[in-house]
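Let's take a walk through a protein chain together. Have the sequence and the 3D view open, and find each piece as we get to it.

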Amino acid sequence: MRALRGTMARGVAMLAALSTLTFAQDAVAQELAKNLFGAHQLPAATQPQSIGFYSKGCFSGGVAIATDGPTWQAMRLSRNRRWGHPAMISLIEKLSRDAVQDGWPGLLLGDISQPRGGPMLTGHASHQIGLDADIWFTPMPDRRLTPQERENMSATSLVNEKTHRVIDRLWTPAHERLLKRAASYPEVERILVNPGIKKKLCDTVKGDRAWLRKIRPFWGHDYHFHVRIGCQPGSPDCKRQATVAAGEGCDKSLAWWFTEEPWRPNQNPDAPKARDVMTMASLPKACRAVLEAPDPVSIAAVTYPSAGAPTISRADPIAALAASDGLSTAVSSFAATPEYGAPLPFPRPAD
Ligand SMILES: [Zn+2]
């Protein structure tokens, strides 16, 4: 009898514990996802995986791009949005090197994702699954920007906001080469630019024009372009976007952007944005596990290239790249980091 009472008591206690747990889970489910994801400073230290859609999802196994590399500098560091799927981070690094080869002085990097993705407290509807990155149209200056400059440096729009056309004195063939290079990678599915920039390309690109198909007109994107790669292997719950329409996209679909319709003032400017109502219940279930997953051992362990790699002199990366008939010693030692597309060992030991 005593044994039975003991069992019952334990049962009641368990039930109570269970209902507390359910209550706690409900509270988490109702909390805005942007607050939960925005609170994480580090990624989920599990296998790289994108879950859900670009504008409704999260990701695990994220890595950060270093704030500085020989061919890039990250901007707006306080936002902590240097995180992405390893394939995205590798691609940015590769683009930065190829761009320098093409004569672009290096990339200024805008937002990628939060450490675990998800909706953000401010800005962007997409960038949630680690497969989107913003890159400035402003060339990297030939000196290291201070953290303060990276916060405050204003971005220059290439587009006249009244006519929605590119400001010709700001547009250069190097801009075209940079976009063409970014579009050249098979994993890049779309590049979002302002309609004025798309039109400029439609009007001026000579020779190979097939890459224009990936260049998609969209609001904003007048001081940066937005590179989106496809769902990566190992992400069964990543939801693919629709394939881009065939053709260069220099047709009626572009002409629409130069009508009044896309620029009409919002009829309901106070309506809540998706991020302001999105709870955990609106995200894929697997995103809860992403929130609960452990942190990596350190930020250095998940920063690419490894923070332990030799520091590169940023004195003159272009001269360094052009030096002799190959890579300078500094750049070679940098290049010793894993090859692009190779999965990073995970979690990597702190060094
Ligand atoms: Zn973007």
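What follows goes from the whole chain to its core, its sheets and a few odd spots in the backbone.

## The big picture

First, a caution: what you are looking at is a predicted model. The chain has 351 residues, and 37% of them count as buried. Its regular pieces come to ten helices and twelve strands.

How do the contacts in the chain spread along the sequence? Take the contacts between residues at least 6 apart in sequence: 79% of them join residues at least 24 apart. For one long-range pair to find on screen, try Met280 and Leu36, which are 244 residues apart along the chain but have C-alpha atoms separated by 8.7 Å. Met280 sits in the loop between helix 7 (252-255) and helix 8 (286-292). Loop or not, Met280 counts as buried because 21 other C-beta atoms lie within 10 Å, and the cut-off for buried is 20 or more.

## Helix 3 and the core

Now find helix 3, residues 86-101. A quick check on its length: at 1.5 Å a residue, its 16 residues should span 22 Å, and the end C-alpha atoms are 23 Å apart, so the two agree. Is helix 3 mostly covered or mostly open? Mostly covered, with 13 of its 16 residues buried. After the helix comes Gly103, with a positive phi near 100°.

In soluble globular proteins, nonpolar side chains tend to be buried together. Here the largest nonpolar core has 61 residues, and the ones that touch the most other members are Met88 and Leu109. The element that gives the most to this core is helix 3, with eight residues. To see the company Leu109 keeps, skip its neighbours within four places in sequence: its contacts are then Ile65, Trp72, Ala74, Met75, Ile92 and Ile135.

## A small open sheet

Next, look for an open sheet of three strands in the order 6-3-12, with mixed pairing. Strands 6 and 12 are at the edges and have a single partner strand each, so one side of each has no neighbour in the sheet. Strand 3 (residues 63-65) and strand 12 run parallel and are joined by two bridges. In that pairing, Ile65 is opposite Tyr304 in strand 12. Helix 3 turns up again here: it packs on the sheet, touching strand 3, strand 6 and strand 12, and its direction makes about 15° with that of strand 3.

## Strand 11, covered on both faces

How many residues of strand 11 (residues 224-229) are buried? Six of the six, so the strand is largely enclosed by the rest of the structure. One side carries His224, His226 and Arg228, while the other carries Phe225, Val227 and Ile229, and all of these are buried.

Strand 11 pairs with strand 8 (residues 132-136) in the antiparallel sense, over five bridges. There, Ala133 has Val227 as its bridge partner. Strand 9 (residues 188-193) also runs antiparallel to strand 11, and four bridges join them. In this case Val188 is opposite Ile229.

## Helix 6 under cover

Helix 6 covers residues 195-204, and seven of its ten residues are buried, so it is largely enclosed too. The buried ones are Pro195, Gly196, Ile197, Lys198, Lys199, Lys200 and Leu201. What covers them includes helix 5 (173-183), strand 9, strand 10 and helix 7.

## Odd spots in the backbone

Most residues other than glycine have a negative phi, and most peptide bonds are trans. Which peptide bond here is cis? The one from Tyr304 to Pro305, with omega near -10°. Pro305 is in the loop between strand 12 (303-304) and helix 9 (317-322).

Two residues are worth a look for their phi. Arg76 is not a glycine, yet its phi is positive, about 45°. It is found in the loop between strand 5 (72-74) and strand 6 (83-84), and counts as partly exposed because it has 19 C-beta neighbours inside 10 Å. His221 has a positive phi as well, near 50°, and lies in the loop between strand 10 (215-217) and strand 11. With 23 C-beta neighbours inside 10 Å, His221 counts as buried.

How values were computed. Residues numbered from 1 in each chain as written. Predicted model: local features only at pLDDT ≥ 70, side-chain atom pairs only at ≥ 80, totals over all residues. Expected span 1.5 Å × (residues − 1). Buried ≥ 20, exposed ≤ 12 C-beta atoms within 10 Å, placed from the backbone. Core = buried A, V, L, I, M, F, W, Y, C linked by C-beta atoms within 7 Å. Contact = placed C-beta atoms within 7 Å. Pairing = 2+ DSSP bridges. Axes fitted to C-alpha atoms, helices over the stretch in contact; angles between N-to-C directions.
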